Amino acid sequence: MPLYKTITVSKNTKVFIWKIEESIETLKSNILLTSKNEARLNSMKSELHQKGFLSIRHLLKEVKLTDSDLIYDEYGKPHLTKGQFISITHSFHFTAIIYSTEKAVGIDIEKQRDKILKIAHKFTPIEEYKTIANQDALIRKLTVVWGAKESLYKIYGKKKLLFLNHIFVTDFFLENETTSAEINYDAKSSTYKVSFLEFEGFTCVFAL
């Protein structure tokens, strides 16, 4: 089974990344879904989404959890019945989870694409990045910023939070693979540690 990478963030927090290379039949093996999630799987029209859904269940096994341990609240945020914390992400042929026994966590995987240049002004003050002349470096940096904001959005777990107006990422160097980010919303402020890594043209960002 292609468990692509395991990252030990701390003794209580781990990241698991899966590279989808198997057939649906292989991914279904040794996985028991609840009747609700079996129906959800069968309703998915995209084979890649089905594979992503199933590979997440294999990642749950890495922390001794099953499909029935995973529940979703009214906002679509995943929770664990045993009181730990989890966040889930899927992009093309990569899926990942971040799991913690001590604090809320968020994770996001994104493919590095030119498309982000066209939408950057919607989620970050693009003028802050005008000094980056190399387009590849700009795409990579903006992908980290988006992933960081997506991770914090998942931690917050409720609607109405705006990437541009409520989530702020501290400037960083790509080689450092770490930064911080802040949620300022409803007269409250909270700061999170953000880490990231790049592989095969993808960026994985996680926050806690």
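Which residues line the second largest pocket? Let me take that one straight away. They are T34, K36, N37, R40, D67, S68, L70, I71 and Y72. Keep in mind that this is a predicted model.

Stay with that pocket for a moment. Its space comes to about 190 Å³. Two elements each supply at least two residues of its lining: helix 2, residues 35–43, and strand 3, residues 70–72. By class, the lining divides into 3 nonpolar, 3 polar and 3 charged residues.

How do we find such spaces? Rolling a probe the size of a water molecule over the atoms shows where empty space is left.

Now the largest pocket. About 530 Å³ of space lies in it. It is lined by 25 residues, and the closest to its centre are Y72, G76, P78, I88 and K154. You have met Y72 already, in the lining of the second largest pocket. Which elements each supply at least two residues of the largest pocket's lining? Helix 3 (47–62), strand 5 (85–91) and helix 5 (135–156) do. The class count here is 10 nonpolar, 8 polar and 7 charged.

Next, the cores. In soluble globular proteins, nonpolar side chains tend to be buried together. In this model, the largest nonpolar core has 25 residues. Inside that core, L152, F172 and V194 have the most contacts. Two or more residues come from each of helix 5, strand 8, strand 9, strand 10 (188–199) and strand 11 (202–207). Which element gives the most? Helix 5 does, with 8 residues. Another core lies apart from this one. That second core has 22 residues, including W18, F53, L59 and V63.

Let me zoom in on F172. Set aside its neighbours within four places in sequence. What does F172 touch then? It is in contact with K141, V144, V145, T178, T179 and F196.

Last stop: E177. You will find E177 in the loop between strand 8 (167–169) and strand 9 (178–185). Is E177 buried or exposed? Neither label fits, because its relative accessible area is 41%, which makes E177 partly exposed. Again, leave out neighbours within four places in sequence. E177 is then in contact with V194, S195, F196 and L197. V194 is one of the residues with the most contacts inside the largest core. F196 is also in contact with F172. One more pair to look at is E177 and V205. They are 28 residues apart in sequence, and 9.2 Å apart in space, C-alpha to C-alpha.

Methods:
Residues are numbered from 1 along each chain as its sequence is written. This is a predicted model: local features need pLDDT of at least 70, side-chain atom pairs count only at pLDDT 80 or more; totals for chains, interfaces and linings use all residues. Side-chain values use heavy atoms; hydrogens and water are left out. Helices (H or I, at least four residues) and strands (E, at least two) are DSSP runs, numbered from the N terminus. Buried means under 20% relative accessible area, exposed over 50%, partly exposed in between (1.4 Å probe, protein chains only). Contact means heavy atoms within 4.5 Å. On a 1 Å grid over the protein atoms alone, a cavity is a set of points where a 1.4 Å probe fits but cannot get out, and a pocket is an open set with protein on both sides within 12 Å along at least five of seven lines; lining residues have an atom within 4 Å of a point. Grid points are joined across faces, edges and corners, and a volume is the space filled by probe spheres set on the points. Ala, Val, Leu, Ile, Met, Phe, Trp, Tyr, Cys and Pro count as nonpolar, Asp, Glu, Lys and Arg as charged, and the others, Gly among them, as polar. A nonpolar core is a set of buried Ala, Val, Leu, Ile, Met, Phe, Trp, Tyr and Cys residues joined through side-chain atoms within 4.5 Å.
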